[in-house]
Amino acid sequence: MSSSNGNIFGDDRNYKGVRCRKQGKWVSEIRVPGSRDRLWLGTYRSPEAAAVAHDTAFFLLRGPSSSKGLNFPDRAANMQWVSLSPRSVQRVASESGMDFDAKLIGQSSQIYEREESSNGDGFGDGSLNYDGYEDISVDDMEILM
């Protein structure tokens, strides 16, 4: 079950480059190295999706030797660095965050469908089984190149 901050992993970690808006949506942005410019990476339903977008942009802007600044440093081994313009980095990072959000949405609808079919009428006792979120790991987060 998610914690009060919306984190699906159930802990209170704060992700770099991620903040929560008053409406409960999660946003991500990053500063372009060597400039005062910031790249807007998007608005997401989960803090993890926003963190994935941030990690993608961070890695592409700073290169493979910068894995210490990532929210999910284990993902760096699966990333391939290419030199991109800031606008291209913004697009790729935003798509990676949206892809993760889409996986969460698909996962939650599958959980609802399983709950509905197991209770017959879909109402049951009002509790949903959120164990399906454990099927999503940091390794499942892909970067589009």
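**A guided tour of the predicted model**

Begin by selecting Tyr 15 and Phe 72: Tyr 15 is buried, and Phe 72 is buried as well. The model in the viewer is a predicted one. The count of aromatic pairs comes to one. Tyr 15 and Phe 72 form that pair, which is tilted, with 5.5 Å from centre to centre and 45° between the planes. The pair links distant parts of the chain, 57 residues apart. Tyr 15 lies in the segment before β1 (18–20), whereas Phe 72 lies in the loop between α1 (47–62) and α2 (86–119).

**The whole chain**

Next, display the entire protein chain as a cartoon. Three strands and two helices are present, and from the N terminus on they follow the order β-β-β-α-α. Of the 145 residues in the protein chain, 39% are buried. Among contacts with a separation of 6 or more, 52% join residues 24 or more positions apart. If a surface is switched on, the protein chain exposes about 8500 Å², of which carbon and sulfur atoms supply 47%.

**The sheet**

Now select the strands. The three strands make an open sheet, ordered β1-β2-β3, with antiparallel pairing. β1 and β3 are at the edges and have a single partner strand each, so one side of each is left without a neighbour in the sheet. From one strand to the next, the twist averages 25°.

Focus then on β1 and β2, which pair in the antiparallel sense over three bridges. Select Arg 19 to find Val 27 of β2 standing opposite. Adding α1 to the view shows this helix packed on the sheet, where α1 touches β1, β2 and β3. The direction of α1 makes about 15° with that of β2.

**The nonpolar core**

Which residues have the most contacts inside the largest nonpolar core? They are Ile 30, Leu 39 and Leu 41, in a core of 27 residues. β2 (26–31), β3 (38–44), α1 and α2 each supply at least two residues of this core. The largest share comes from α1, with 10 residues.

Finally, centre the view on Leu 41. With neighbours within four places in sequence left aside, Leu 41 is in contact with Ser 28, Glu 29 and Ile 30, with Ala 53, His 54 and Ala 57, and with Gln 90, Ala 93 and Ser 94. Selecting these residues together with Leu 41 completes the tour.

Notes: Residues numbered from 1 in each chain as written. Predicted model: local features only at pLDDT ≥ 70, side-chain atom pairs only at ≥ 80, totals over all residues. Heavy atoms only, no water. Helix = DSSP H or I, 4+ residues; strand = E, 2+ residues; numbered from the N terminus. Buried < 20%, exposed > 50% of the residue type's maximum accessible area, 1.4 Å probe, protein only. Contact = heavy atoms within 4.5 Å. Areas by Shrake-Rupley, 256 points an atom, 1.4 Å probe, with all protein chains shown as cover. Phe/Tyr/Trp six-rings, centres within 6.5 Å; stacked < 30°, edge-to-face > 60°. Core = buried A, V, L, I, M, F, W, Y, C linked by side-chain atoms within 4.5 Å. Pairing = 2+ DSSP bridges. Axes fitted to C-alpha atoms, helices over the stretch in contact; angles between N-to-C directions.
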